[in-house]
Amino acid sequence: MTETPVRGFWGDAWRRLRQNRAAMTASVVIVLISLLAFFGPAFSPHPYDAIDWDYMAVPPGGGNDHWLGTDRLGRDLYVRTLHGVQISLQIGLLATVVSLIIGVLWGATAGYLGGRIDGAMMRVVDIMYALPYIFIVIILSTLFDRGNIYVLFLAIGAVGWLTMARIVRGQTLSLKRKEFIEAALASGVGTWGILLRHIVPNVIGPVIIYATLTIPQMILFESFLSFLGLGVQEPQASLGSLINEGAQEMESAVWMLIVPAGFLVTLLTCFNFLGDGLRDALDPRDR
Amino acid sequence: MSILLSLRGLKVAFPVGGSLFRAAKPLKAVDGVDLELSAGEALGIVGESGCGKSTLARAILQLIPPTSGQVVWLGRDISAVSVNAMRPLRKDMQIVFQDPLASLDPRMTVGEIVAEPLRVHAGELDRTQRRERVQDMLQRVGLPADAINRYPHEFSGGQCQRIGIARAMILRPQLLVCDEPVSALDVSIQAQIVNLLQDLKREFGMSILFVSHNLAVVRRLCDRVLVLYLGKPMELTSTEELYERPLHPYTRGLIAAVPLPDPDVQPSRLGSVLSGELPSPLSPPSGCVFRTRCPIAEAQCARAVPELDEVRKGHHVACVKWQSVEQG
Ligand SMILES: Nc1ncnc2c1ncn2[C@@H]1O[C@H](COP(=O)(O)OP(=O)(O)OP(=O)(O)O)[C@@H](O)[C@H]1O
Ligand code: SF4
Ligand SMILES: [Mg+2]
């Protein structure tokens, strides 16, 4: 008899993800951009907020050491964009993690306890859904210190967990009724065993997928706020605020728009490809 | 033969329809079942959909807490033991479910699924030993050797049910509860699964509680049969006796619903297929619960609930007019 190695669920998912070329390319690009964003500025002679009086609004490839050009104030666009990517990534992750924690806890509790507690908890979610999201965020952004983007995104994460809570609750609820949970109970598996060996592996797939798709949403949302002038404040920059500046100079200095926009589009596309790849990898049923 | 399991006045009621403003009404899914199951015996539980068969099966295994009555397992009342005290006992009582695919965790390989009871109850085995046991059992239930590393969704319904049976049998339980294990399967596959259960019973000698609404399947496998209607036992006797001399009008109706193997037998009034609607279990008829559909019901049937009496040796029936059934 030939002994084949034991394949766990995660091993299998990893194997399937590795076979997905788009998802693998996307994750490599995300890692490279992240490394560049966090370590790249240190290797550049220009700080992100330093003004170079000799080179104002020079286009890329102008034979000087601002190889992606400068903005209207003579700040190096390469370093500034990397700084923007760094801020945008941090914000996307922060808001996603906050919404993930609240959403998973809220949804799993509601789904697992069921009954009236579930009813009450989900009505809270319904009410929050009905509130105008952007309105809340604008109020929040004026309440907090304008410069403190992180507090703002903690708040956005704290409002953005609703969908995650619904996903997790629905999953937990339907899992609880599944016969394989009953089979485990009948075999004498304890509560922790059921949660860790059966509920978590069955819920974690959708959670990971949704989280991967939430990061670009949050990045995009921050860009949107910055575009409205509600996001990061000068001299700090995010991809959104850079695009906003670039759009204002579109006719005279189009590179100021193209460089940050290029990074944004690349990041968003990669996150979406990765999310799709994870969806395929984590759900062995519909391949 | 020694008694493995006895039920004493077992009742299960679900509170339904309760809301903030209205008290819940009890739905009596199982309403007073007395039963003794010997070691090595196969007992069928039959009845229409919704008559409480699954609830009874789950209450026996303490997957649903009984509302009242006792479940006595090897001389010990287990209806009130704690979840923790129950756990070690589960090694000897296992269950096979109706929906084969839904009863297998989609995130686990077949090997992990079948090994789960070993993990809980046979901690002394190491990985290789566990794997060997699983491999043996998979082979025993007729699955290919490479099944161990595959996922449930890669298998057909009949194969999934074999996986479920392997999981239930891996600890060599003394009692195997089967809750309609073949009703979700194609007719051709049903026979294979019933044969497998028969073989396993011959080999391991466990008792079987076989829940089904298919009388033909029950006849193949079971020594005795309990007929349930709206949670109440109607008739309890040996399989042979039940098919030859059914003494309850409901049993007659159920048998008549099965295509007759013998075309000469003329269906009598009593032998006609059950008509009428199943009454709501929330408000069952007074007296005999079957009277709204019984072709020979009389005024007296509404007054008192008929007892499940032993009217012949080993033949219990809950009907005041069983004698006219016998003659008719
Ligand atoms: N968790 C529950 N809550 C409320 N009512 C329930 C619950 N489970 C079962 N019931 C009700 O109890 C009665 C018996 O159900 P049960 O599932 O035991 O019937 P069954 O004989 O197994 O039917 P089937 O052949 O359809 O499987 C039904 O009326 C059902 O609606
Ligand atoms: S007791 Fe009466 S109603 Fe009930 S089955 Fe017998 S004859 Fe029919
Ligand atoms: Mg059932």
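These legends walk you through several close-up views of a predicted model.

**Figure 1. Welcome to the surroundings of ligand 1.** In this view, 14 residues surround ligand 1. The closest are Ser49(B), Gly50(B), Lys53(B), Ser54(B) and Thr55(B). If you sort the residues of this shell by kind, you find 6 nonpolar, 5 polar and 3 charged.

**Figure 2. Polar atoms of chain B meet oxygen atoms of ligand 1.** Begin at Thr55(B), where an N or O atom in the side chain lies 2.4 Å from an oxygen atom of the ligand. At Lys53(B) the partner is a polar backbone atom, 2.9 Å from an oxygen atom of ligand 1. Cys51(B) also offers a polar backbone atom, this one 3.3 Å from a ligand oxygen. How much of ligand 1 does the protein cover? On its own, ligand 1 has 630 Å² of accessible area, and the protein covers 64% of that. Three elements of chain B give two or more residues to the shell: β1 (3–16), β2 (25–38) and α1 (53–60). The most comes from α1(B), which gives 3 residues.

**Figure 3. Leu7(B) sits among residues from other parts of the sequence.** Follow strand β1 of chain B and you will come to Leu7(B). Is Leu7(B) buried or exposed? Its relative accessibility is 3%, so Leu7(B) counts as buried. Setting aside neighbours within four places in sequence, Leu7(B) is in contact with Val33(B), Asp34(B), Leu35(B), Leu56(B), Ile60(B), Gln70(B) and Val71(B). You can also use Leu7(B) as a starting point for the next view: Ser79(B) is 72 residues away in sequence, while the two C-alpha atoms are 9.8 Å apart in space.

**Figure 4. Ser79(B) makes its contacts from a loop.** Where is Ser79(B) placed? Look in the loop of chain B between β5 (76–77) and α2 (83–86). The side chain of Ser79(B) makes a polar contact with the side chain of Asp77(B), at 2.6 Å. That side chain of Ser79(B) also reaches the backbone oxygen of Gly69(B), at 3.5 Å. Once neighbours within four places in sequence are left out, the residues in contact with Ser79(B) are Gln62(B), Pro66(B), Gly69(B), Gln70(B) and Val71(B). Two of these names, Gln70(B) and Val71(B), may be familiar, as they also appear among the contacts of Leu7(B).

**Figure 5. Strand β6 of chain B pairs with strand β7.** The two strands, β6(B) and β7 (residues 175–179), run in the parallel sense and pair over 4 bridges. To find your place, look for Met93(B), whose bridge partner in β7(B) is Leu175(B). Which residues of β6 (residues 93–96) point one way, and which the other? Met93(B) and Ile95(B) point one way, Gln94(B) and Val96(B) point the other way, and all are buried.

**Figure 6. Chain A is a chain of helices.** Here the secondary structure comes to 11 helices and 0 strands. Along its principal axes, the C-alpha trace of chain A spans about 80 × 55 × 30 Å. Chain A has 287 residues, and 49% of them count as buried. Among its contacts with a separation of 6 or more, 70% come from residues 24 or more positions apart. The accessible surface of chain A is about 13,800 Å², with 68% belonging to carbon and sulfur atoms.

Key. Residues are numbered from 1 along each chain as its sequence is written. Chains are lettered from A and ligands numbered from 1 in the order in which they are written. Side-chain values use heavy atoms; hydrogens and water are left out. A residue is near a molecule or strand if one of its heavy atoms lies within 4 Å of it. A polar contact is a pair of N or O atoms within 3.5 Å; within protein, one must be able to donate a hydrogen and the other to accept it, and residues adjacent in sequence count only if both atoms are side-chain atoms. Accessible areas come from the Shrake-Rupley method with a 1.4 Å probe; for residues, only the protein chains shown count as cover. Ala, Val, Leu, Ile, Met, Phe, Trp, Tyr, Cys and Pro count as nonpolar, Asp, Glu, Lys and Arg as charged, and the others, Gly among them, as polar. Buried means under 20% relative accessible area, exposed over 50%, partly exposed in between (1.4 Å probe, protein chains only). Contact means heavy atoms within 4.5 Å. Two strands pair if DSSP finds at least two bridges between them.
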